[in-house]
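Biologist: Before we begin, could you take me through this structure slowly, explaining each term as it comes up?

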Amino acid sequence: MLTRKDFAGRERSTWCRGCGNFGILNAIKLALVEHDIPPHEIFIVTGIGCGSKLPHYMKVTGYHTLHGRALAIATGARLANHRLRVMTVHGDGDAYAEGMAHFIHAARRNVRIVDLVQDNRIYGLTRGQYSPTSERGKRTPTSPEGAIDRPVNPLALAITAGATFVARGYSGELKHLAWLIGEALEHPGYGLIDTLQPCVTWNRSYAYDFYNKRVYKLEEEPGYDPTDRAGAWEKTQEWGERIPIGIFYRGEPAPTYEEQVPALRAGPLVEQPLERLRPDQIEKLRAEIA
Ligand code: SF4
């Protein structure tokens with residue numbers, strides 16, 4: 001039987017003490033244990049940012065890639081081997097600024113990826129610049145008189161783009177977050193988990209005490225129906241004295257992108273023979289990869 005120790009990494013974390021990324025790391029391990037997914041059966045792709053160091057701190061197949069490109073790499077992995085479980089873990093800057101186009105297209109194509117976004121509403125790694133989810137008026141080194149952009153609403157965007165699993169987690173609610181990750185892993189399609197992640201160093205206005213007073217769980221809300229798409233979109237607008245977490249929207253399963261690609265009808269690429277290539281071409285490819 002798997003335990004969290006099976007996922008223990010060997011590198012020492014450089015995250016600040018109290019960073020919300022610790023909760024996310026532990027929630028991912030817990031979800032993998034609860035769903036009996038061993039390290040070699042999950043592929044975690046990250047971008048650039050504090051939280052994107054996550055695969056260094058886990059024993060897991062990981063790929064730490066370029067800024068904003070985590071979903072592109074994850075899509076490629078799913079196309080090469082759609083039997084592999086694939087997660088992306090990246091920050092709000094990586095996901096909703098540099099990677100915004102990939103986010104919209106992964107959702108509308110329904111590539112089976114669990115897309116966990118560490119949303120601390122700031123660029124933490126580069127010392128506190130405002131990000132796409134920072135509120136209007138946010139004063140930072142790149143917005144000394146206050147941010148003039150309106151923040152993106154990733155949950156509303158995901159629903160609009162066609163995502164069939166849209167959730168918000170909170171790193172201060174570890175078991176609840178692990179439950180959301182598990183539900184997303186079992187969902188047959190793209191799933192967004194925008195995760196409230198306190199950055200205790202550069203965004204103290206959104207620390208644990210702010211969220212602890214405000215978050216509430218949608219599944220405990222009488223009458224909330226996560227299958228109602230219009231109602232879910234409406235719920236994504238709530239942000240203030242009460243902040244909902246949980247599954248906002250869970251639609252009917254739809255065919256995934258990888259199930260529909262004609263070249264993959266015969267099975268995953270990794271299981272298909274390389275018969276269309278000449279031996280010298282195969283050798284050339286091997287030499288390039290080696
Ligand atoms: Fe975490 Fe913020 Fe420190 Fe980065 S700067 S490790 S996000 S607390």
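Biologist: Of the contacts in the protein with a separation of 6 or more, what percentage is accounted for by residues 24 or more positions apart?

Modeller: This is a predicted model, in which local features need pLDDT of at least 70 and side-chain atom pairs count only at pLDDT 80 or more, while totals for chains, interfaces and linings use all residues. Residues are numbered from 1 along each chain as its sequence is written, and side-chain values use heavy atoms, with hydrogens and water left out. A contact means heavy atoms within 4.5 Å. Among the contacts in the protein with a separation of 6 or more, the share from residues 24 or more positions apart is 71%.

Biologist: What radius of gyration does the protein have?

Modeller: The radius is taken over C-alpha atoms, and the globule rule is 2.2 Å times the number of residues to the power 0.38. For 290 residues a compact globule would come near 19 Å, and the protein agrees with this, having 19 Å.

Biologist: Why can the buried residues of α2 be said to line one face of the helix?

Modeller: Buried means under 20% relative accessible area, exposed over 50% and partly exposed in between, with a 1.4 Å probe and protein chains only. Helices (H or I, at least four residues) and strands (E, at least two) are DSSP runs, numbered from the N terminus. In α2, residues 70-80, the buried ones are Ala70, Leu71, Ala74, Thr75, Ala77 and Arg78. Seen down the axis, with directions taken from the helix axis to the C-beta atoms, they line one face because they fall within an arc of 160°.

Biologist: Which strand pairs with β4 over six bridges?

Modeller: Two strands pair if DSSP finds at least two bridges between them. β3 and β4 pair in the parallel sense over five bridges, with Val114 of β4 as the bridge partner of Met87. The strand that pairs with β4 over six bridges, also in the parallel sense, is β6.

Biologist: How many of the residues of β4 are buried?

Modeller: Val114, Leu116 and Gln118 point one way from β4, whereas Asp115, Val117 and Asp119 point the other way, and all are buried. The strand is therefore mostly covered, and the number buried is six of its six residues.

Biologist: How many charged residues are in the shell around the ligand?

Modeller: The surrounding residues, with a heavy atom within 4 Å of the ligand, include Trp15, Cys16, Asn120 and Gln197. Asp, Glu, Lys and Arg count as charged, Ala, Val, Leu, Ile, Met, Phe, Trp, Tyr, Cys and Pro as nonpolar, and the others, Gly among them, as polar. The shell divides into seven nonpolar and four polar residues, and the number of charged ones is no residue at all, or none.
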